[in-house]
Amino acid sequence: MVSSTTETKTRANKFLNTAVMMNNDNHSCHQHHEEEEEEETHCWFDDACILDMDYFVKTLSGIKQKGVRSDLIGSIITHYASKWLPDLSSSTDIFSDNKDRLTSPESVTASWLKKRFFVETLVGVLPPEKDSIPCNFLLRLLRTANMVGVEGSYRLELEKRISWQLDQASLKELMIPSFSHTCGTLLDVEIVIRLVKRFVCLDHEGVKSGAALIKVAKLIDSYLAEVALDANLTLSEFVSLAGALPTHARATDDGLYRAIDTYLKAHPSVSKQERKGLCRLIDSRKLTPEASLHAAQNERLPVRAVIQVLFSEQTKLNRHLDWSSGSFSGLRSPCNGSLDTPLRCLSKREMSAQQMEIRKLKEEVYRLQNQCNAMQVQLERMVEKKKGLFFKLKKFGIGNRSSSIVGEVEKIMEQESGRFGRETPMDLKSGVLGVMTPHKWRKSTS
């Protein structure tokens, strides 16, 4: 027993001296020592993995007092944790882990408590510098912390560190399973919502750059597309996570549109009002032509969203045509001086692509015009039916009451016709009133 303790102390002192020497050599930055430093790094990492947990914490505190860099301390902690707890390794083998569990003599409860103590100790010895530990390792540590049920203060510290460098996270590590019995989803969406909200607060304070916010937006859109397949995901959770990011965070809304389409496909029982609320999250002006074409043909979207997409594409096309006509007129006009830079002519491939887009948009406009014409014919038929009903009621002597009914019908028809824009006949009201209102006879003197 005494010999093993002495050997452990010897390894700890060797580990401490090697760490200090590595720190000094890294500050000198000599190229001819790179291979020797790599070999020494593997050796002292192996020594660190042999150490006990208590001696590891004491040795790590001694390294911090010697002034070793924080990134080097972070690499020590990640390597040590990956050796002691395979759940924290980026390449965890499930079959080997199950084999170790079957052959392990200790009980499940003892193993659980040991993992909990290990995670809490690791969180307590993390260096204060926020970028010293990789974000993916922190996410794996948070997943293990939720699994073994550590105290709330340790989880809060991990969430703060992850929020600081959320733009460095990967989708694989962000998909943390839900270990709570009250949560019905497979993935823990509430944790991701908290992480995103903390990151957005850092962006509002000016700590993070716009590029980091764009990376987080792409990551969250991909996460939404994955979690939308869960049938137990509620609409409020989806909207809360999608709306946690500001509008300027997304350069394009293609990823958000794909996530919403996936959610509607996996949840066919969503009502019409809820579909409208989901589509309000999408900015149709930020959709690419491919996504706009898909949205225009998507039957799961409400009609209002489809019309907005088509209107935005038509606006883009008009602007593009105005720009192209202005550029061609600028090239042809002889008034331009020599100071104007010559504009580049479009290639045949670009011209053909533009013609294809224009042809597709024209086909969509023709289809909508046909639908509007069909709706207009239906409105006219309804008006004719109401006129016939009016004359029948007048024949039976119910003229005053029927006139009030017709007035209400006219109001409803005006509201229905106002939804279709300018293509509906504007003089429909005057024509109907001219037919339906009874003639006022002039009093005769005879």
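This report covers aromatic pairs, a charge over a ring and salt bridges in a predicted model.

**Aromatic contacts**

The count of aromatic pairs comes to 3. One of them joins F56 and Y80: the ring centres are 3.6 Å apart and the planes meet at 5°, so the pair is stacked. The cut-off behind that label is a plane angle under 30 degrees. F56 sits in helix α3 (residues 53–65) and Y80 in helix α4 (residues 70–84). The pair therefore ties together parts that are 24 residues apart in sequence. Both F56 and Y80 are buried. A further ring belongs here: F118 forms one aromatic cluster with F56 and Y80.

**A charge over a ring**

W164 has a lysine over its face. The residue is K130, at 4.1 Å from the ring centre.

**Salt bridges**

Searching the whole structure gives 11 salt bridges. Three of them are set out here, with the N to O distance for each.

| Salt bridge | N to O distance |
|---|---|
| D71 and R69 | 3.2 Å |
| R161 and E157 | 3.3 Å |
| K316 and E313 | 3.5 Å |

Take D71 and R69 to begin with. D71 has a relative accessible area of 39%, so D71 is partly exposed. R69 has 27% relative accessibility and is also partly exposed.

Next come R161 and E157. Both lie in helix α8 (residues 152–164). They are 4 residues apart, so about one helical turn separates them. How accessible is R161, buried or exposed? R161 is buried, with a relative accessible area of 7%. That value falls under the 20% cut-off for buried residues. Its partner E157 counts as partly exposed, at 31% relative accessibility.

The bridge between K316 and E313 lies within helix α16 (residues 303–332). These two residues are 3 residues apart, about one turn of the helix. K316 is partly exposed at 30% relative accessibility. E313 is buried at 9%.

Salt bridges can also share partners. In this model, E159, R194 and R198 are joined in that way into one network.

**In brief**

F56 and Y80 stack, and F118 joins them in one cluster. K130 lies over the face of W164. R161 bridges to E157, and K316 bridges to E313. R161 is buried, whereas E157 is partly exposed. E313 is buried, whereas K316 is partly exposed.

Definitions and conventions
Residues numbered from 1 in each chain as written. Predicted model: local features only at pLDDT ≥ 70, side-chain atom pairs only at ≥ 80, totals over all residues. Heavy atoms only, no water. Phe/Tyr/Trp six-rings, centres within 6.5 Å; stacked < 30°, edge-to-face > 60°. Buried < 20%, exposed > 50% of the residue type's maximum accessible area, 1.4 Å probe, protein only. Lys NZ or Arg CZ within 6 Å of the ring centre and 35° of its normal. Salt bridge = Lys/Arg side-chain N within 4 Å of Asp/Glu carboxyl O.
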